[in-house]
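Student: I should like a close look at a single part of this model, the metal site and its surroundings. Please take me through it in one connected account.

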Amino acid sequence: MPKAFITDIDGTLTDDRRRLSTRAVEEIRRVVDAGIPVVLASGNTLCFIDALSKMIGTEGDVIAENGGVYRHGYTGDRHSAGDRELCFAAYQKIIDTFQPKGEELRLYSNDYRYSDVAFARDADVDEIKKLLADMPVQVVDTGFAIHLQSEGLSKGAALEKLAELMGLVPADFLAAGDSINDVSMLKAAGIAVTPANAGPEARAAADFVMSKPFGEGTADALARYFP
Ligand SMILES: O=C(O)COP(=O)(O)O
Ligand SMILES: [Mg+2]
C-alpha cells in the first residue's frame, strides 16, 4: 500500500464544471482518518486550496500554483518560488499582441498569486508559446486555465521538496491527476493513476487509467489502493 496520496483538484476531484465529487471527498476522508497523509496539488491559489483542504478535511499539506508554492501543514512556512515579475512581463507581451486584434484576456485570482500568472483560455496557446519562445517562462494549459510560470517549477519538483518535509519520498505516494500540469507529479510518484477524462499527456504518464472520469475515477482509485 502507498504511504501517502497526492491529488490534483480540477478534473481529478471535480468534473469539468469544477463541481467537487462528493464520493471522492468521502474517500479522501476515509483515507485521512486511517492516518494516510493527503496532499492537494493544484494550479489554483494557496488560499483556494486551503479552504478546500479544511472543508474536505486534509491536514494542510498543499502544492499551489502548479508547484510555485508549497507548504507542509496549515502552520508550516509557505515556500514560494519563481519570478512573478517575469511572468507578468510575458503576460504583458501577450496582451500587446492579442488586444489590438480585439481579443480580451481575463486574469484569474491575480490578487492571490505568489508565483505564476493565470488567465482564461480565450487565446490560442500555440500562438502564445511561439510569442514567448525567447523568454524563460513555461506556458501551461491545464484545460481550466493558461498559466505562465518560471522554468523549473512543477508539481513534481514541489513534491520532491514537500515529501522531504513530510519525512517521505515521492515514491511513497499514490498520485492522481488529469492534465499536462500533473505529468511531473505522476512520474515522480510510486504509483500514478488518471481518471478517464484525462488528456493524452497524463494518460501516458500514469500506470493506470481509471474506467470512470473525474472524481468518480479518483474515488475508485482510492478504494483500490487504500482498501
Ligand atoms: O488551476 C488550473 O488551471 C487547474 O487546476 P488543477 O491543477 O487543480 O487541475
Ligand atoms: Mg487538473
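Tutor: In this predicted model, Asp8 has a relative accessible area of 3%, and because buried means under 20%, Asp8 counts as buried. Asp8 is located in the loop that runs between β1 and α1. Its side chain takes part in the metal site: the magnesium ion (ligand 2) is coordinated by Asp8 through OD, by Asp10 through O and by Asp178 through OD, at 2.1 to 2.2 Å. Along the sequence, these donor residues follow the spacing D-x1-D-x167-D. Asp8 belongs to the loop between β1 (4-7) and α1 (22-33), while Asp178 belongs to the loop between β9 (173-176) and α6 (183-188), so the pair ties together parts that are 170 residues apart in sequence. Asp178, at 8% relative accessibility, is buried as well.

The database record may be set beside this geometry. In an unreviewed entry, UniProt gives the annotation "binding site" to Asp8, Asp10, Asp178 and Asp182. These residues span 175 residues in sequence, yet no two of their C-alpha atoms are more than 10.8 Å apart, so they gather at one spot.

The strand that precedes the loop of Asp178 offers a further view of this region. Ala176 lies in strand β9 and, at 0% relative accessibility, is buried. Its C-alpha atom is 4.8 Å from that of Thr7, although Ala176 and Thr7 are 169 residues apart in sequence.

Asp8 and Asp10 also lead to the second ligand site. The residues surrounding ligand 1 are Asp8, Ile9, Asp10, Ser42, Gly43, Asn44, Thr142, Phe144, Ala145, His147, Lys155 and Asn181. Sorted by class, this shell consists of 3 nonpolar, 6 polar and 3 charged residues. Several polar contacts to oxygen atoms of ligand 1 can be specified. A backbone N or O atom of Ile9 is 3.3 Å from an oxygen atom of the ligand, and a polar backbone atom of Asp10 lies 2.8 Å from an oxygen atom of ligand 1. From the side chain of His147, an N or O atom is 2.6 Å from an oxygen atom of ligand 1. Taken alone, ligand 1 exposes 280 Å², and the protein buries 98% of that area.

Asp10 thus appears at both sites: Asp10 is a donor to the magnesium ion through O, and a polar backbone atom of Asp10 is 2.8 Å from an oxygen atom of ligand 1. Asp8 likewise coordinates the magnesium ion through OD and is among the residues surrounding ligand 1.

Lys155 completes the account of the ligand shell. This residue is found in helix α5, which comprises residues 155-165, and is buried, with a relative accessible area of 0%. Lys155 is one of the residues around ligand 1, and UniProt lists Lys155 under "binding site" in an unreviewed entry.

Note on methods
Residues numbered from 1 in each chain as written. Chains lettered and ligands numbered in written order. Predicted model: local features only at pLDDT ≥ 70, side-chain atom pairs only at ≥ 80, totals over all residues. Heavy atoms only, no water. Near = heavy atom within 4 Å. Polar contact = N/O pair within 3.5 Å; in protein donor to acceptor, adjacent residues only side chain to side chain. Areas by Shrake-Rupley, 256 points an atom, 1.4 Å probe, with all protein chains shown as cover. Nonpolar A, V, L, I, M, F, W, Y, C, P; charged D, E, K, R; others polar. Donors = N, O, S within 2.8 Å, 3.2 Å for Na, K, Ca; no water. Helix = DSSP H or I, 4+ residues; strand = E, 2+ residues; numbered from the N terminus. Buried < 20%, exposed > 50% of the residue type's maximum accessible area, 1.4 Å probe, protein only. UniProt positions renumbered as here; feature names shortened; annotations may be inferred.
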